[in-house]
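Hi,

Here is the structure I promised to send over. My notes follow it, so have it open while you read.

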Amino acid sequence: MILKMAAVKFLNLKPSMYSRSVVLNVLGMQFYRTLFFYLRRVLRAPKRIKPQFAQYLKTLERDGILVIPNFFPEDVYNEIKEEYRRLSLEFRRDDSEIPFPHVDRMSFHDKRVPDFLRQHFLNNPILKELPRSFLNRNYNLRLEAYLVKIYCNQDELALPKNGGTNNLHFDAPLRVLKGFYYLNDADERNGPLQYCLGSQKRNSLKRLLWEYKLSVRYAFNRWNPDHQGEYLDNEPWVKITEGEIKAHELKEKVVSVKRNTMVFVNVGGFHRRGEFLEPGVRETIEVNYRNAESPRNDLYFLEKKFRSLA
């Protein structure tokens with residue numbers, strides 16, 4: 001049983017921001033990880049994209065973010081919105097989040113989610129073609145997707161927020177793709193995504209040396225007994241200083257969008273969740289392709305083979 005649990009944990013491992021080891025980070029593990037993930041992507045045979053989506057891919061590679069307004073026809077949007085609102089009464093609180101803002105969600109694969117809603121996303125050609133070409137790999141696993149509601153009331157606006165998501169950070173030193181479909185408008189008032197255009201590029205010695213320093217800072221902070229292995233309210237394990245923001249030209253763009261907009265983001269670039277300026281809610285459907293880099297995705301052909309023999 002222990003071996004099985006260890007095997008499952010290994011197969012589902014996803015690349016993290018940094019190595020956890022102080023010694024390995026001091027010895028330059030972040031540089032070697034970055035190089036490994038880069039070579040792993042570029043040395044694979046290119047996954048070509050269909051011509052009608054080529055401009056989308058070009059924009060995402062250049063900026064690290066792609067915004068597609070009016071993603072669905074209006075009647076489909078209304079159908080999705082109606083079903084989302086019905087299901088939202090049964091969302092569960094995400095207990096992994098520090099309380100504010102509140103995050104409630106439901107997996108796309110929950111049996112209460114009707115098949116027609118899943119198919120609008122899981123069979124959407126853009127959601128299949130763009131990640132395949134951008135990540136230069138096939139996504140073999142069941143897609144990780146959620147219906148998500150993020151909200152704050154008047155009394156909670158001034159309270160400390162999640163230190164991990166509300167401060168500038170990147171998810172891992174490689175291409176990591178997420179999609180956010182918005183069912184209501186998002187602007188400065190309801191804490192939208194903030195992204196530093198171009199910050200996904202790790203093509204200079206200056207940037208690599210900085211991420212080396214961040215990895216060492218992370219490792220020492222993480223094992224600080226005062227942190228108890230968790231984010232502090234309003235503080236991340238790695239705090240990006242104002243001087244570093246200026247030196248590396250991290251200019252945050254507020255991703256303000258209208259309803260029925262799909263946003264693809266390379267969260268390998270610096271980003272954060274915005275602050276709610278007034279009571280409100282943000283309603284989205286989130287699609288996460290991070291499992292693409294897990295060993296299980298690479299070895300899924302063996303899993304299918306074993307299942308067929310069972």
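Is Leu141 buried or exposed? Leu141 counts as buried, because its relative accessibility is 10% (buried is under 20% relative accessible area, exposed over 50% and partly exposed in between, with a 1.4 Å probe and protein chains only).

Before the rest, some housekeeping. This is a predicted model, so local features need pLDDT of at least 70 and side-chain atom pairs count only at pLDDT 80 or more, while totals for chains, interfaces and linings use all residues. Residues are numbered from 1 along each chain as its sequence is written, and side-chain values use heavy atoms, with hydrogens and water left out.

Two loop residues

Leu141 sits in the loop between helix 7 and strand 4 (helices are DSSP runs of H or I with at least four residues, strands are runs of E with at least two, and both are numbered from the N terminus). Setting aside neighbours within four places in sequence, Leu141 touches Asn291, Ser294, Arg296, Asn297 and Tyr300 (a contact is heavy atoms within 4.5 Å). From the C-alpha of Leu141 to that of Lys50 is 22 Å, with the two positions 91 residues apart along the chain.

Arg20 belongs to the loop between helix 1 (2–11) and helix 2 (22–26). Arg20 counts as exposed because its relative accessible area is 53%. With neighbours within four places in sequence again left out, the contacts of Arg20 are Asn25, Tyr218, Ala219, Arg222 and Trp223. The C-alpha atoms of Arg20 and Leu141 are 27 Å apart, and the two residues are 121 apart along the chain.

The sheet

Seven strands make an open, antiparallel sheet in the order 1-8-5-10-4-3-2 (two strands pair if DSSP finds at least two bridges between them). At the edges are strand 1 (65–68) and strand 2 (92–93), each paired on one side only.

Strand 10 (residues 280–288) is mostly covered, with seven of its nine residues buried. Strand 4 (residues 144–152) pairs antiparallel with strand 10 over nine bridges, and Tyr151 stands opposite Val281 of strand 10. Strand 5 (residues 177–182) also runs antiparallel to strand 10, over five bridges. There, Tyr181 faces Ile285 of strand 10, and Lys178 has Asn288 of strand 10 as its bridge partner.

Two helices with a buried face

Which residues of helix 4 are buried? They are Leu57, Thr59, Leu60 and Asp63. Seen down the axis of helix 4, these buried residues fall within an arc of 165 degrees, so they line one face of the helix (the arc is that of the directions from the helix axis to the C-beta atoms). They pack against strand 1, helix 7, strand 5, strand 6 (193–196) and strand 8. Just after helix 4, Gly64 has a positive phi of about 90 degrees.

In helix 6 (residues 115–122), the buried residues include Leu117, Arg118 and Phe121. Down the axis of helix 6, its buried residues fall within an arc of 95 degrees, so they too line one face of the helix. Among the elements covering them are helix 5 (74–87), helix 7, strand 4, strand 5, strand 8 (261–266) and strand 10.

Pocket and cavity

The second largest pocket holds about 450 Å³ of space. For the terms: on a 1 Å grid over the protein atoms alone, a cavity is a set of points where a 1.4 Å probe fits but cannot get out, a pocket is an open set with protein on both sides within 12 Å along at least five of seven lines, and lining residues have an atom within 4 Å of a point. Grid points are joined across faces, edges and corners, and a volume is the space filled by probe spheres set on the points.

This pocket has 21 lining residues, and Tyr38, Arg41, Gln200, Lys201 and Arg202 lie nearest its centre. Helix 3 (29–42), helix 4 (54–63) and helix 7 (125–135) each supply at least two lining residues, with the largest share, seven residues, coming from helix 3. By class, the lining has 11 nonpolar, four polar and six charged residues (Ala, Val, Leu, Ile, Met, Phe, Trp, Tyr, Cys and Pro are nonpolar, Asp, Glu, Lys and Arg are charged, and the others, Gly among them, are polar).

There are two cavities of 30 Å³ or more. The second largest cavity encloses about 60 Å³, and its lining includes Pro15, Leu135, Tyr289 and Glu293. That lining divides into eight nonpolar, no polar and three charged residues.

Cheers
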